[in-house]
Amino acid sequence: MYRKVKATLHLMNEIKVNEIFHSLQGEGYNAGISAVFLRLSGCNLNCPFCDTDHEEGEMMSEEQIVARIESIRRGAQLVVITGGEPSLWLKSSLLDAIHALDPDIRISIETNGTRPLPEGIDFVTLSPKDQFCSGAQLVLESCDELKLLYPGADPSRYSHIRAKHRFLQPCATNDMPTNRENMARTVEYVKEHPQWRLSLQIHKILDIR
Ligand code: SF4
């Protein structure tokens with residue numbers, strides 16, 4: 001009986017992981033910082049432009065995830081948890097275990113803001129997609145950085161969100177002339193609305209993961 005309960009508890013703590021890798025944070029306030037990325041599978045939204053693989057993943061225990069992070073981080077002190085929508089899986093127990101690796105580790109999450117977040121996150125990147133998914137409702141009202149793809153998202157829609165930093169990121173497509181236009185429009189918007197700041201995907205410029 002005890003064994004069965006223990007096995008069930010173990011399974012309850014398993015998380016579907018799409019990938020774990022070490023790179024540089026490419027976007028936003030923490031751009032350029034050595035970071036381990038923990039990408040979790042699955043999302044509660046279904047944006048028409050989504051290019052994230054929602055289904056692929058391996059069930060891993062929190063212990064396995066933490067061990068993997070420690071084995072590849074080479075001293076990196078930023079762990080970026082992303083998805084999909086990572087709040088579907090995230091519990092404080094995993095965040096506590098990651099923090100226990102190193103007192104200087106900071107945990108950042110990238111979320112669409114439609115679900116509450118557990119305690120223990122040091123930096124919240126809110127990237128809302130509610131404009132693109134009918135029925136999606138934001139529940140987060142504050143964050144460390146608010147990040148929007150532009151053009152596409154209407155920045156004025158999020159003036160009520162309390163954010164330490166507001167970033168506009170030019171929407172990237174497979175068409176170079178469109179990308180140049182998106183960049184120019186983003187630059188013009190930021191020039192006219194200085195509360196916003198330009199974010200570039202430097203990992204793509206550098207051609208790294
Ligand atoms: S919120 Fe992000 S991961 Fe989820 S469907 Fe939209 S673009 Fe994809």
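1. Starting with a backbone oddity: Arginine 74 sits in the loop between α2 and β4 (helices are DSSP runs of H or I with at least four residues, strands runs of E with at least two, numbered from the N terminus). Its phi is positive, about 45°, although Arginine 74 is not a glycine. Most residues other than glycine have a negative phi, and most peptide bonds are trans.

2. Some housekeeping. This is a predicted model, where local features need pLDDT of at least 70, side-chain atom pairs count only at pLDDT 80 or more, and totals for chains, interfaces and linings use all residues. Residues are numbered from 1 along each chain as its sequence is written.

3. On confidence: pLDDT (the predictor's confidence in each residue, from 0 to 100) averages 93 over the chain, and 94% of the residues score at least 70. Residues 1-10 fall below 50, and beyond near neighbours in sequence that stretch has one contact in the model (contact means C-beta atoms, placed from the backbone, within 7 Å). Where pLDDT is low, the predicted coordinates should not be read in detail.

4. Now the cis peptides. One joins glycine 83 and glycine 84, with omega about 10°; glycine 84 is in the loop between β4 (78-82) and α3. Another joins tyrosine 150 and proline 151, omega about -10°, with proline 151 in the loop between β7 (142-150) and β8 (162-170).

5. What surrounds the ligand? The residues around it are Cys43, Leu45, Asn46, Cys47, Cys50, Thr52, Gly83, Gly84, Glu85, Asn112 and Lys129 (C-beta, placed from the backbone, within 6 Å). This shell splits into four nonpolar, five polar and two charged (Ala, Val, Leu, Ile, Met, Phe, Trp, Tyr, Cys and Pro are nonpolar; Asp, Glu, Lys and Arg charged; the others, Gly among them, polar).

6. Last, helix packing. α2 (residues 62-72) and α3 (residues 92-99) pack at about 30°, axes 10 Å apart (axes are lines fitted to C-alpha atoms over the stretch in contact; angles run from 0 to 180 degrees between N-to-C directions). The contact uses Glu62, Ile65, Val66 and Ile69 of α2 and Ser93, Leu94, Ala97 and Ile98 of α3. Those residues divide into six nonpolar, one polar and one charged.

Methods
Contact = placed C-beta atoms within 7 Å.
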